[in-house]
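Thanks, everyone; I would like to walk through one chain today, starting with its overall make-up and ending with a pair of helices. Please have a look at it first.

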Amino acid sequence: MLITKTIFLDYLICRKNCWLKVHRPEFIEAFALSELELQLLEQGDDVERAARMLFPAGVLVVKTGADAVRETQELMAKGATIFQAAFSSGGFFVRCDVISPAPEGAWDLFEIKGNNALKEGIDDRDHITDLTFQAIVAERAGVTLRNRTVILLNKTYVRSGALDVDRLLQQMECSPGVATKHPDTTRAMDEALVYLKQTDEPQDGCDCHYKGRSRQCSTFPYSHPDVPAYSVHDIVRIGASKKKLADLIDRGIFNLEGIPEEFNLSRAQKNQVYVAKTGQSIIDKVRIREALASYQWPLHFLDYETFAPAIPMFDGYGPYQPIPFQFSLHILTGPDAEPAHFEFLHDELSDPTGDVVRLLDEHIGADGSVIVWYAPFERGVNTEMAARCPNLATVLTRINGQIRDLRDIFVDQHYVHEGFKGSTSIKAVLPVLVPDLSYEHLDIKNGGIASARWSEMITTTDGAERSAISGALKDYCELDTFAMYAIWKELNAIALSQ
Ligand code: SF4
């Protein structure tokens, strides 16, 4: 087995997890990337394609494995700038994004990243460690390096006309950082060789039972079969209270039901434990009534879907600025009215901002509240649209002033249910309050997938695929706002009940 850069970087994050990935192929399925992760990878490819424009004479190594190493050597002998140069040495294998010839037989090494800033000094995908690994393998394979550079996106770039790759990208020469990392990385590479060669599963354990759920990898249940699927690791913000979690684990307490009354927890944590222990919901009808009474008629339930490409697609956008390609709006004119539905889905390769704001202005008047779930998102999209199009700022500022966050009722602990499992996401709240409504039957079940599908829809030439994606996107976004309306209605009924 050759250790690639991906394997080595995985090893640095968690060597046990890395060993399982390498030696337990049955886990491969569990590691399957989500659509959102695939989209991020594709965006990395987009940045790499754009960065190659900085090297117009570059030649791509298309072969794989040992053939790629030979092809690289042939191209180096001709003095070519090479994309995806391959080197192998001492049990390691690496593909370098770009190498280009420098004076006196040396080479410059470039790593292309789809980030806006250099990641340095962090265990999760540190760019300098990544570059150091490549430099070590290339040097061990006999290459003399001059500069070691990371190419990044420039977050201040704003597209105007044709893509300007010289301004879109920034180059950071990192040779001093690589020199500093060299000894530790060399040592870690040697250790990885020994560790990953073991055929019997290493017994050095997995210590993520001391971390919150978001820090655990997908093999956690394999390493900790004694920890239930819903455990103390799922207590809200417990990952930020490392001492509390460690205290519970050291006492062998994995179930919420086992947490002693006197254990020090925040109000939200206490409430989550209380409802888990008793099965009794916490419902503060007075506070719910007050929150709902602060909404003004008519009510506009609004939700955006956005796509944030690494490479700006339209004028006025910078890297990763979200394109608001879709919205759904349910309008309720009074307590006994039926909600009216309006929607917008942009289906062409152009900036939808003008159409979005024109339609919102048409449907959302100066009276009434705009109800959203997690207001920072919708407010942020509006603020960015206003910054991009100052002529639309008046409407967007007005709408931002009308926004009320339905989720606040749950964040503020006016309603806590065992079934929420500590979450205030609409996907956690909906099945409890309105069990008849569900995302399960939909082709698109979350915003990340919606975003990936939209980018497919506007680029495909297949009419049937286009209309299937369009239908799925409309179904998903409509459910988001109808779900808000249904939750609002249920909360009203609960708040007004005796
Ligand atoms: S759960 Fe954590 S410690 Fe355990 S294998 Fe996964 S990443 Fe490593």
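Among the contacts in the chain with a separation of 6 or more, what percentage comes from residues 24 or more positions apart? The figure is 66%, where contact means heavy atoms within 4.5 Å. I should say early that this is a predicted model, in which local features need pLDDT of at least 70 and side-chain atom pairs count only at pLDDT 80 or more, while totals for chains, interfaces and linings use all residues. Residues are numbered from 1 along each chain as its sequence is written, and side-chain values use heavy atoms, with hydrogens and water left out.

The C-alpha trace spans about 85 × 60 × 40 Å along its principal axes, and the secondary structure comes to 18 helices and 13 strands, these being DSSP runs numbered from the N terminus (H or I, at least four residues, for helices; E, at least two, for strands).

Turning to the helix pair, the axes of H17 (residues 447-457) and H18 (residues 463-496) come within 10 Å and cross at roughly 150°, the axes being lines fitted to C-alpha atoms over the stretch in contact, with angles running from 0 to 180 degrees between N-to-C directions. H17 and H18 are therefore roughly antiparallel to each other, a term for angles over 145 degrees.

Gly 447, Ala 450, Arg 453, Trp 454, Glu 456 and Met 457 in H17 meet a set in H18 that includes Glu 465, Arg 466 and Tyr 476. The residues of this contact divide into six nonpolar, two polar and four charged, with Ala, Val, Leu, Ile, Met, Phe, Trp, Tyr, Cys and Pro taken as nonpolar, Asp, Glu, Lys and Arg as charged, and the others, Gly among them, as polar.

Methods:
Angles under 35 degrees count as roughly parallel, over 145 as roughly antiparallel, 65 to 115 as roughly perpendicular and the rest as oblique.
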